[in-house]
Amino acid sequence: MPGPPPTPTRLKLIRGNPGKRPISRREPRPATGKPLCPEWLCDEAHAEWQRITDNLEPMGMLHKVDHGLIVAWAVAWAQFRQATEDIAESGYTIINSHDNLVAHPSVAIRTKAVDQMIKLAGQFGLSPAARTRLETPEVEEFDPLKDLINGGNAG
């Protein structure tokens, strides 16, 4: 059985590489930036695309090659939302053609969408657990008094 997937170098650097394993100097460095949103996404998925990319971009966690993962996230969100609305309207169970009480099909759709979102959340640090594994470097706050004392040389 294979072990956990390798940790990307960027995450190792953010975390501080606690295992002291060698840092790869040959890992690909994709172009950062916001991928283009596909025109064919439904309105709900399009809105989620905008929300998630607007949040990921300032964190430096968004690259143009992440297009497919962002699409998958946005589609899973739209499916989750629609299934949740269907369940709220019709209930968790329905009567099938044989007069049997069965789970509403949207229950399975919602469960699969949630599973997909949980998997993708770990890729982007979108869950509380995923964020606990990330650290950002401390940024020195701007201190205008310190700047004056140092003769205009900040730091």
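This passage walks through the fold of one chain, from its overall layout to its core, its charged pairs and its cysteines.

The structure described here is a predicted model. The chain carries six helices and two strands, and from the N terminus on these elements follow the order α-α-α-β-β-α-α-α. Of its 155 residues, 25% count as buried. Contacts also reach across the sequence: among those with a separation of 6 or more, 52% are between residues 24 or more positions apart. About 11400 Å² of the chain is exposed, and carbon and sulfur atoms supply 57% of that area.

Helix α3 is a good place to begin a closer look. This helix covers residues 67–90, and its 24 residues should span 34 Å at 1.5 Å a residue; the C-alpha atoms at its ends are 34 Å apart, so expectation and model agree. Which residues of α3 are buried? They are Ile70, Val71, Trp73, Ala74, Ala76, Ala78, Ala83 and Ile87. These buried residues pack against two other helices, α2 (43–56) and α4 (105–124). Some of the spacing along the list can be read with a simple rule in mind. An α-helix has 3.6 residues a turn, so residues three or four places apart point the same way. After α3 comes glycine 91, which has a positive phi, near 95°.

The interior can be followed from here. The largest nonpolar core holds 18 residues, and the members that touch the most others are Leu41, Trp49, Leu56, Ile70 and Trp73. Helices α2, α3 and α4 each supply at least two residues of this core, with α3 giving the most, six residues. Leucine 56 shows what such a position looks like: setting aside residues up to four places away in sequence, leucine 56 touches Met61, Leu62, Ile70, Phe124 and Leu126.

Charged side chains add another kind of link. Side chains of opposite charge can pair when their charged atoms come close. How many salt bridges does the structure hold? The count is four. In one of them, lysine 34 meets aspartate 54, with 2.5 Å from N to O. Lysine 34 sits in the loop between α1 (9–15) and α2, while aspartate 54 belongs to helix α2, so this pair ties together parts that are 20 residues apart in sequence. Both partners are partly exposed: the relative accessible area is 26% for lysine 34 and 43% for aspartate 54.

Another salt bridge joins glutamate 44 to arginine 81, whose closest N and O atoms are 3.1 Å apart. This pair links distant parts of the chain, since glutamate 44 is in helix α2 and arginine 81 is in helix α3, 37 residues apart. Here too the partners are partly exposed, glutamate 44 at 25% relative accessibility and arginine 81 with a relative accessible area of 37%.

A salt bridge within a single helix pairs glutamate 48 with arginine 51, the closest N and O atoms being 2.7 Å apart. Both residues lie in helix α2, three residues apart, which is about one turn of the helix. Is glutamate 48 buried or exposed? At 4% relative accessibility, glutamate 48 counts as buried, whereas arginine 51, at 41%, counts as partly exposed. Salt bridges with shared partners also join Glu44, Arg81 and Glu85 into one network.

The loop between α2 and α3 contains histidine 63. With 13% relative accessibility, histidine 63 counts as buried. Apart from neighbours within four places in sequence, histidine 63 is in contact with Pro30, Ala31, Thr32, Gly33 and Pro35. Lysine 34, met above in a salt bridge with aspartate 54, is 29 residues from histidine 63 along the chain, yet their C-alpha atoms are separated by 6.3 Å.

The cysteines complete the picture. A disulfide is a covalent bond between the sulfur atoms of two cysteines. A search of the whole structure finds zero disulfides. Why does cysteine 37 form no such bond? The closest cysteine sulfur, in cysteine 42, is 9.9 Å from the sulfur of cysteine 37, which is too far for a bond; the cut-off for a disulfide is 2.5 Å. Cysteine 42 is likewise in no disulfide, and at 42% relative accessibility cysteine 42 counts as partly exposed.

Definitions and conventions. Residues numbered from 1 in each chain as written. Predicted model: local features only at pLDDT ≥ 70, side-chain atom pairs only at ≥ 80, totals over all residues. Heavy atoms only, no water. Buried < 20%, exposed > 50% of the residue type's maximum accessible area, 1.4 Å probe, protein only. Helix = DSSP H or I, 4+ residues; strand = E, 2+ residues; numbered from the N terminus. Expected span 1.5 Å × (residues − 1). Contact = heavy atoms within 4.5 Å. Salt bridge = Lys/Arg side-chain N within 4 Å of Asp/Glu carboxyl O. Core = buried A, V, L, I, M, F, W, Y, C linked by side-chain atoms within 4.5 Å. Areas by Shrake-Rupley, 256 points an atom, 1.4 Å probe, with all protein chains shown as cover.
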